[in-house]
Amino acid sequence: MNDFAAGLSPEGARITNKGNFLKAWDPVKQEARWTVDYQGGFTGGVLATGGNLVFVGSNDKLAAYSADKGEKVWESTLAPGVATPISYQLDGKQYIAVLAGRGGNAAPGRVYTFVLDGSTPMPAAAKPQAK
């Protein structure tokens with residue numbers, strides 16, 4: 001029975017923790033390692049890195065959690081509507097980039113890029129041009 005509305009997974013197991021959350025699952029032990037509950041909702045997917053970090057967008061924030069314990073280690077406020085972050089390396093430095101904003105005048109889209117140990121302040125977003 002594939003009735004997600006009734007709280008059943010395709011395998012028939014009961015879903016006991018409905019709501020908005022980020023959960024780290026141990027596939028060997030078949031149990032949760034940690035869970036972070038959220039008010040509101042997630043707008044993008046999750047990025048796990050080899051450096052023990054998990055990045056996730058929620059509403060207007062991009063946050064990083066330690067992959068082993070689920071402790072928040074960093075957060076930045078962006079435009080509402082945070083997409084799935086990506087990671088790339090350039091000239092020996094690791095970067096995290098993400099698109100945020102829903103478009104239009106209220107929350108124009110913008111690409112945000114972060115680097116470990118970066119110290120340059122984020123520039124202010126340009127105001128939308130009137131047509």
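Me: Exposed means over 50% relative accessible area. With that cut-off, why does Asp117 count as exposed?

Reply: This is a predicted model, by the way. Asp117 has 73% relative accessibility, and the bar for exposed is over 50%, so Asp117 counts as exposed. You'll find Asp117 in the segment after β9 (110–115).

Me: What is the sign of phi at Asp117, given that it is not a glycine?

Reply: Positive: phi of Asp117 is about 65 degrees. Gln30 is another residue other than glycine with a positive phi, this one near 55 degrees.

Me: And what makes Gln30 exposed?

Reply: Its relative accessible area is 53%. The class starts over 50%, so Gln30 is exposed. Gln30 lies in the loop between β1 and β2 (31–37).

Me: Let's turn to Ile86. Why is Ile86 called partly exposed?

Reply: Partly exposed lies between the buried limit of under 20% and the exposed limit of over 50%. Ile86 has a relative accessible area of 48%, so it is partly exposed. Ile86 belongs to strand β7 (residues 86–90).

Me: Which residues make the nonpolar surface patch, and what qualifies Ile86 for it?

Reply: The patch is made by Ile86, Tyr88 and Leu90 and covers about 270 Å². A patch residue needs over 30% relative accessible area, and Ile86 has 48%, so Ile86 clears that cut-off.

Me: Now the other end of the scale. How do you know that Gly57 is buried?

Reply: Buried means under 20%, and Gly57 has 0% relative accessibility, so it counts as buried. Gly57 sits in strand β4 (residues 53–58). Thr77 is 20 residues away from Gly57 in sequence, and their C-alpha atoms are 9.8 Å apart.

Me: What makes Ser76 buried?

Reply: The relative accessible area of Ser76 is 12%. The limit is under 20%, so Ser76 is buried. Ser76 is part of strand β6 (residues 72–77).

Me: Which residues does Ser76 touch, leaving out those up to four places away in sequence?

Reply: Ser76 touches Asp60, Lys61, Leu62, Phe114 and Met122. For each of these, contact means heavy atoms within 4.5 Å.

Me: Asp26 is buried. Why does it have no salt bridge?

Reply: The nearest side chain of opposite charge, Arg33, is 4.1 Å away. A salt bridge has to be within 4 Å, so Asp26 and Arg33 do not make one.

Me: How do you know that Asp26 still touches Arg33?

Reply: Contact runs on another cut-off, heavy atoms within 4.5 Å. The distance to Arg33 is 4.1 Å, so the pair counts as touching. Glu31 is also touched by Asp26, not counting residues up to four places away in sequence.

Me: What makes the approach of the Asp26 side chain to the backbone nitrogen of Lys29 a polar contact?

Reply: The distance is 3.0 Å, and a polar contact needs N or O atoms within 3.5 Å, so this pair meets the distance limit. As for location, Asp26 is in strand β1 (residues 21–26).

Me: Stepping back, what is the secondary structure of the chain?

Reply: Zero helices and nine strands; the order from the N terminus is β-β-β-β-β-β-β-β-β.

Me: How much of the chain is buried, and how much area does it expose?

Reply: Buried residues are 29% of the 131 in the chain. The exposed area comes to about 8900 Å², with 53% supplied by carbon and sulfur atoms.

Terms used
Residues are numbered from 1 along each chain as its sequence is written. This is a predicted model: local features need pLDDT of at least 70, side-chain atom pairs count only at pLDDT 80 or more; totals for chains, interfaces and linings use all residues. Side-chain values use heavy atoms; hydrogens and water are left out. Helices (H or I, at least four residues) and strands (E, at least two) are DSSP runs, numbered from the N terminus. Buried means under 20% relative accessible area, exposed over 50%, partly exposed in between (1.4 Å probe, protein chains only). Lys and Arg count as positive and Asp and Glu as negative; His and the chain ends are not counted. A polar contact is a pair of N or O atoms within 3.5 Å; within protein, one must be able to donate a hydrogen and the other to accept it, and residues adjacent in sequence count only if both atoms are side-chain atoms. Patches are made of residues with over 30% relative accessible area and no salt bridge: like charges are joined within 9 Å, nonpolar side chains (Val, Leu, Ile, Met, Phe, Trp, Tyr) within 5 Å. Accessible areas come from the Shrake-Rupley method with a 1.4 Å probe; for residues, only the protein chains shown count as cover.
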